[in-house]
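Good morning. I have one structure to go through today, and I will keep to a few side chains. Please look at the screen.

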Amino acid sequence: MTMVLFILLSGVFIALMYIETIKKGMPVKRWLFLSGLLGPAAWCLFNLHYRRTLIRNTGIKTCLWRA
């Protein structure tokens with residue numbers, strides 16, 4: 001029973017992570033694999049990695065306008 005629940009939750013997190021990686025322009029295969037293995041922890045890692053990449057590319061003291 002727990003294995004079936006784990007597989008279903010992994011499928012849900014893979015689908016959610018696919019949408020977010022496409023929307024934010026991040027590498028898809030890496031994050032889909034991690035979301036299948038780690039579940040919600042991959043979401044936290046993804047947001048942290050995206051934020052660090054954004055700051056590295058734009059700079060710390062820049063103003064970023066989002067529509």
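I will start with the aromatic rings and then turn to a charge and two threonines.

First, a caution: this is a predicted model.

Now the rings. How many aromatic pairs does a search of the whole structure find? The search finds one. The partners are Trp31 and Phe46, with ring centres 5.3 Å apart. Their planes stand at 80°, and planes over 60 degrees apart count as edge-to-face, so that is the name for this pair.

Where do the two rings come from? Trp31 belongs to helix H2, residues 28-38, while Phe46 belongs to helix H3, residues 40-58. The pair therefore ties together parts that are 15 residues apart in sequence.

Are these two residues buried or exposed? Trp31 has a relative accessible area of 5%, and Phe46 has 0%. Buried means under 20%, so both residues count as buried.

Next, the charge. The charged end of Lys24 sits over the ring of Tyr50, at 4.5 Å from the ring centre.

Last, the threonines. Thr53 is in helix H3, and its side chain reaches the backbone oxygen of His49 at 2.8 Å. Thr62 is in the segment after H3, and its side chain reaches the backbone oxygen of Thr58 at 3.4 Å.

Which label does each threonine get for exposure? Thr53, with a relative accessible area of 17%, is buried. Thr62, with 44%, is partly exposed, because that label covers values between 20% and 50%.

That is all I have on these side chains.

Definitions and conventions. Residues numbered from 1 in each chain as written. Predicted model: local features only at pLDDT ≥ 70, side-chain atom pairs only at ≥ 80, totals over all residues. Heavy atoms only, no water. Phe/Tyr/Trp six-rings, centres within 6.5 Å; stacked < 30°, edge-to-face > 60°. Helix = DSSP H or I, 4+ residues; strand = E, 2+ residues; numbered from the N terminus. Buried < 20%, exposed > 50% of the residue type's maximum accessible area, 1.4 Å probe, protein only. Lys NZ or Arg CZ within 6 Å of the ring centre and 35° of its normal. Polar contact = N/O pair within 3.5 Å; in protein donor to acceptor, adjacent residues only side chain to side chain.
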